[in-house]
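Got the model open in your viewer? Let's take a walk through it, one selection at a time.

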Amino acid sequence: MATISTGPLIGSVDEIDNTYDDPRERAPLVVNGRSFGEVTRIVTSSHERPMPMAWVVCLTFSLALLTMLLVTLGMLFSTGVGVWGNTNRVSWGWPIVNFVFWVGIGHAGTLISAILFLFRQNWRTSINRFSEAMTIFAVICAAMYPGIHVGRPWLAYWLFPIPNQMGMWPQFRSPLEWDVFAVGTYFTVSLMFWYVGMVPDLATMRDRSRSKLEYYFYAFISLGWTGSSRAWHRYERMYLLLCALSTPLVLSVHSVVSFDFATAQLPGWHTTIFPPYFVAGAIFGGFAMVLTLAIPCRKWLGLQDLITMRHIDNMCKIMLATGMIVSYAYAVEFFMAWYSASKAEQFTFTNRPFGPYWPFFWSMVWCNVVAPQFLWVKYCRQNLWIVMTVAMFANIGMWFERFVIICTSLHRSQLPSSWGMFHPTLVDICMFAGTFGLFLTGFLLFLRFLPIIAMAEVKSIMPQAHIHDHGHETDPHHTSGATSHEPSGDAAKESKPWRGGNW
Amino acid sequence: MSDRRTGVEYWRSFEQMAGSDQSLKHLESEFPDYDPKEIASMPRRRFLKLMGASMAVAGITATGCRRWPKEELVPSTAGLRDQLPGVPEFYASAIERNGVADSVLVTSYDGRPIKIEGNPLHPMFTTWSRPDGTPLLGAVDVLSQASVLELYDPSRTRSVIESAKLKAGPSGRSTWESFLSAFNAAASKGTIAVLSESSSSLTLADLKAKFLEKYPNTVWAEYEPLTRDAEVEAGQMAFRKNVRALYHLNRARTIVSLDGDLLGVHPNKVRHSADWAAGRRMADTDKAMNRLYIAESCFSLTGSVADHRLPIRPSQLSSIALGLAAALGVAGVTAPDLSEPQKAWVAAAAAELRTSGKNGVVAVGLQAPAPIQALAYAINFAIGSVDSTITFHEVPQQTPHIGSLRTLGDKIGNGVSALLILGGNPVYDAPVEIDFKGKLSTVPFKAHLSLYADETSKACDWHLPRSHSLESWGDGRSWDGSIVLQQPLIQPLYDTKSAIELLAILSGQEKTDGLSQVRRVIGAQVPGASAEADWRKSLHDGFVPNSAFPKLALEKPGSIAATSIPASGDYELRFVQSSQVFDGRFANLGWLQECPDSITKLVWDNAALMNKTDADALTLNTGDMIEIKVASQSLKIPVYVLWGQPRGVITLPLGYGRTDAGPIGGDVNNPLDKTESVGFNAYEIRRGDQMYSASGSIALNKLNETYELVTTQDFQQMDKFGAKGEFERIGPKGTSGSVIRDATLAQYIAKPKFVDHVGERLPLLQLWDAPYPDVATAANIKAKDPGAPTAFNVPHAWGMSIDMSACTGCMACVVACQAENNVPTVGKAMVKMNREMHWIRIDRYFKTTVGPDRYATDYENVDVVYQPMMCQHCESAPCEQVCPVAATVHDTEGLNTMVYNRCIGTRYCGNNCPYKVRRFNYMDWQVRSPRKGRGMEILSSAWLGLPDTQQEQSIEHVRRMVFNPEVTVRMRGVMEKCSYCTQRIKAATIKKKADWAKGLIPDGEKSNGQPAFTVDDFDVVTACMQACPTQAITFGNLLDKSASTSSEVRRRHEIPRSYTVLEDLNTRARTKYMAKIRNPNESLASAPVTAAEHAG
């Protein structure tokens, strides 16, 4: 399965600069003049060729972390939530910090898929699959936490409105209850969206299968896709509808998560700015995570021609924009604390930068406010090391942000007699590391077994898809895709109704 | 194998079949508390015999503790007369400690005593009475309350243990018979010596006489580490009599205390507290209140509530007393040199005492040197307060403790062949220069009667298990001398005897059971009490009427030879009793170990308390280890830097560092279950001539070690911004903040509603009427809208009022709540993680004058405010709105209820509670040992059982008996909090409604407009209200109001100084606080900018 080759599996190693903005010509989103067939081969190669050693190392490491997660979960269930560092002052500690962190990460996928789709941002096609996968695994990590962080996890199902003989329903005024629905709906819709979008590409993998087992597997999950016009028609309608459905969810899920805090009376939580602020923060953190995953993957899996520098440039710009919104929100929080004339509110916001948790606050400011400023400079956006570093800062910074909101608000609340510090235990730390194991294991398996880039969609935004003059074929590789992916076959390629201009 | 075997048998192994000694040893080590022979050989006949006996014993347990005329077996198939299953019964009894008995009222459930309260009928313990004088409630301190936990402590010894046997086998089990024959053999070889703990029991005194008759050469010594030798000496010095001074603080306008912790450690603290608080509450009614001055050498409870506290060194006490005496014209006294603040304090106190006359009192600490105590008596004569605020009573002759212990020490080695130690723990707590342990080892036969196999037991040949006071008959005298009767609530759980029973046997009495002895002695000594009816009445009331010490008419004492002692050395030591474990005897009680010290808030530890200036000089911080050297002895102990600690004084709480207390208090020598000591043993440097304070050659070394001290408040060094935020909330000295509101009496009189003009007040917009309108408003609402729901408004609206003026921070409510509501202890490591479970906590805030940089500079003169904090039962409760499963909901009577079996433990409510009174069961606290583990380990938890049922199997069976069956024992993973003692509310309302339904209460409306079936004031009393000695906590029905009368809580809610904590959050809490009113002397007060003036 593995090879010791550290180089790309296929295609060029040269980075081609397509980040220019020339009004006469749209910058290509697939570079190096790749043909449809090549696109197919590039994408499916992660399934068909041995994986690079980096993948094997990563998977081994992830599985180790996943095991650690399972061990700590065992300790948690057997001994009680006391294995964590939560206290009677800081009743929510790392588990909820991590929950919000992972939900935030899980934000970018659907945003890229749905909102950018509705806004006709063609560049999304190279990265949407992958960020959707990231969403799914991040939301799994996130959804785990509310379930296990309760004191009696075996009764966590009481959060669901299950009809029962006692007529006992959940308490619908509680934001935690809204969370259950928001995260649950978000996960369901994201999963459906991801899967539906993958069906044509799964059919491609079915067509390219090399063994019976593989064939049946992909045939089953591609739902008998034939590539008929009718199928494409239905598919597009479905996709559009799901986009429309997920778009509000992108905004609602993190807004609702922010209600957990905003509806509480606690100074530092009780503020109306939270929903937009949390959404912007989630997009910021989500894009940072997409970049964190995309940059190594495109290198190791040879996807530079599909995930081009322009994609990275665009993502950096979104990070910069959302990072600025987040910074603005930080500033507004401080202004409002002063403007409210509430002593408790003012104290909370003095306590954040100058209280005992000051390193956390200033780390957050460095990561989320200062670090993204480098992205104003094009050089920085083009230097993958810098981009990677800034993205890592954003990932870390967003975790710090959640810690600052949750723990510093709680640790010094209204009555000074009940002030106390929160210290994580080893279980806290190991469990958080373990969720990365869960996330990365899922993601690495996705890289190996599923179409990591939406091939059909990428092809639709390639110049070849928009040929109107049959006689002037410009693509030198036009005929080279012998084993072409296109389920519709070469004949259909000539005149596909769906290429007409919808895309 | 004594029984001959016949027929077919089953066996497990060849060894068992053979019945070898080795197999018996195995069995003995496996079942330490059983007779191995019993287990090994169990023929059918023997089995049936044992079963029969067990059933008979079971019969005794269910019935024997009742006050039937005869103790006999009653089959309880038909139920017992006058007893309904599940209906608690209350018995008066007594608990004696250090020679003073507390009269208590014990709640018993189905034959199990589970809760101890003060006996309301006994005048020393009454706290609440009706206007006509009918006593309602009594209070008792934390120590007596916790003794119910001691009764069910699984580590109490269960049989006689012989150390000779212990060497051979692991259990050392023996029998009382073998002990008696061994004792008789030893007694015949030479002199017997008896070392008894201090006791006021008449029966014991009588049996002592009988014992001395039988063994005339006996050396009888008496020792208590917290001795009151000085009090006895002072009486002799002043009046040549054995005299006890009783203070009547209810008559006192000016109270001057000379290092006397009247409200904290004094044996009569309950009476003192109640009387003192009554004088504080006069601020509301009479626009006047008492004023408390104290000069003290450690920060005591009394000091923390005093109006003028003068921190002094122990050696300066004589100067202060002399200064006061000179100012008040006591003959033969010359005024000593005093520092400026001392002079001012003495002048102010003296001036006020002079004007107060018989309404003034000078009280003195019982630990103070005899001349100072005698001088205090003389001052009282000088101001004319004798027979008004102070009365003198004749007490029986008492054995001097230190003297008799020294004599005993000298006699050992001179023919003492047998030493019998009745109670106490002298190996641990005897003065260090006596070297009691060393002397003890030379006695050929030594036996120790005690509840636990403690340090002294381990040094003796025989350990005799002692019956707990709740399982044996006895008597004693309360501080005023009334004879109180101790009746058992339960048959002894184990094969134990009380000191009375043991002495009765040893002195060869005909009847050796406790009842006959107590009956015989009390009957003989107190006229009238022998008659059956009188005896029964005394037993019912808990004390013999008119048996108090007779009041003495004394002449003014002559000149007292009190001299001013110059302070010597840089440091002086002050030994104090631990506020938690007393002299160390309660070290194995988790409730007390975890009960925070009132002032330091330390749990599970003691520390050397030091002033910040002293600590800074040695660059010491809280938690740094120091070594204190006194002569050749030294003690290593961590430092706790305490506000208000006098300079140059190191306060050392006694009672810690036990090595053989048990699995809670420390069991260092147990190879199987080693448990570290709790705290540090200050007895190691305590000498017989310097029992309470030491000066002279005291050296202090800083060690390069730190130790983790854990408190329930003040978790870290406060940073500058934190300190600022805290000051804003509490308010600097002399001003109010948003959480704490206080004023001086003058300010309060000038502006009764001052609480509305301080702190943060945002406009409170109300969307709907308060759910408890008074009767008239309710009628109006009904008239306007006949269909309006009334369910939320009737028939009761529960509320609470807390008077911060009266709270002394004594912690009685905390332990009462713990006992009532099955609140677990969690251990030091968990308290460090802020996971303590107390439903009620007493927030202690220091107030001090600060400079512009917000840092206080005066480390000695601080004010203290106590704020008891428990669930406020908000009408608009933030916790309820956020619970996703509706586990915390409001009931129609205004309770914020917690449905444990619905709670899944999201802890959101805990976050959203602004008062931070919700407590989460992070682990199975009832199952885990508070001493073992820090929360990470798996194996210490009962995790293989089904989570919802695991407690039943895993809580130690004896320990389980202490639980209040009316209150759920919470499992891990659920949130809990104060319920306003909902079980007590329900008991009272159900009873009332049942009576009403039966027609016992006439239908219709009461005078207050309430339906007939509503409870009356004081029908429902929460555990904290019950335990509070100062009436600081009041609970009742807020709807109970008419033109003429209203419930006490309603009345207090309407007192102008009532306010709601954090009222700007509009939670509409049902608990209101009454602002603290201080009464400083204008001539002494430095007149800071005051809150009331500030608000203008």
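Before the first stop, a word on buried area: this is the accessible area, taken with a 1.4 Å probe, that two parts lose on being put together, summed over both. Keep in mind along the way that this is a predicted model.

**Stop one: the interface.** Colour chain A and chain B separately and look at where they meet. About 5700 Å² is buried between chain A and chain B, and carbon and sulfur atoms give 55% of that area. Now select A:Asn88, A:Arg152 and A:Leu415: these residues supply 13% of the area that chain A buries against chain B, more than any other three residues. If you select everything in contact, you should pick up 66 residues of chain A and 69 residues of chain B.

**Stop two: polar links across the interface.** How many salt bridges does the rule find across the interface of chain A and chain B? Just one. To see a salt bridge, show the side chains of A:Arg89 and B:Glu836, which meet at 2.8 Å, N to O. Polar contacts across this interface come to 36 residue pairs, with both residues at pLDDT 80 or more. For the chain A side, highlight helices H2 (53–79), H6 (175–207), H8 (229–262), H11 (343–354) and H15 (426–449), each of which supplies at least two residues that touch chain B. That side of chain A divides into 35 nonpolar, 24 polar and seven charged residues.

**Stop three: a helix pair in chain A.** Select residues 358–370 (helix H12) and 384–411 (helix H14) of chain A; the two pack at an angle of about 145°, with axes 8 Å apart. The crossing of H12(A) with H14(A) is left-handed. Turn on side chains at the contact: among those from H12(A) are A:Phe360, A:Phe361 and A:Trp366, while H14(A) brings residues including A:Phe393, A:Phe400 and A:Phe403. The residues of this contact divide into 12 nonpolar, three polar and one charged.

**Last stop: chain B.** Zoom in on B:Lys446 and B:Asp461, a salt bridge with its closest N and O atoms 3.4 Å apart. B:Lys446 lies in strand E17 (residues 445–450), and B:Asp461 sits 15 residues away in the loop between helix H18 (455–458) and strand E18 (462–465).

Notes
Residues are numbered from 1 along each chain as its sequence is written. Chains are lettered from A and ligands numbered from 1 in the order in which they are written. This is a predicted model: local features need pLDDT of at least 70, side-chain atom pairs count only at pLDDT 80 or more; totals for chains, interfaces and linings use all residues. Side-chain values use heavy atoms; hydrogens and water are left out. Contact means heavy atoms within 4.5 Å. A salt bridge is a side-chain nitrogen of Lys or Arg within 4 Å of a carboxyl oxygen of Asp or Glu. A polar contact is a pair of N or O atoms within 3.5 Å; within protein, one must be able to donate a hydrogen and the other to accept it, and residues adjacent in sequence count only if both atoms are side-chain atoms. Helices (H or I, at least four residues) and strands (E, at least two) are DSSP runs, numbered from the N terminus. Ala, Val, Leu, Ile, Met, Phe, Trp, Tyr, Cys and Pro count as nonpolar, Asp, Glu, Lys and Arg as charged, and the others, Gly among them, as polar. Axes are lines fitted to C-alpha atoms, for helices over the stretch in contact, and angles run from 0 to 180 degrees between N-to-C directions. A crossing is left-handed if the near helix is turned anticlockwise from the far one by less than a right angle, and right-handed if clockwise.
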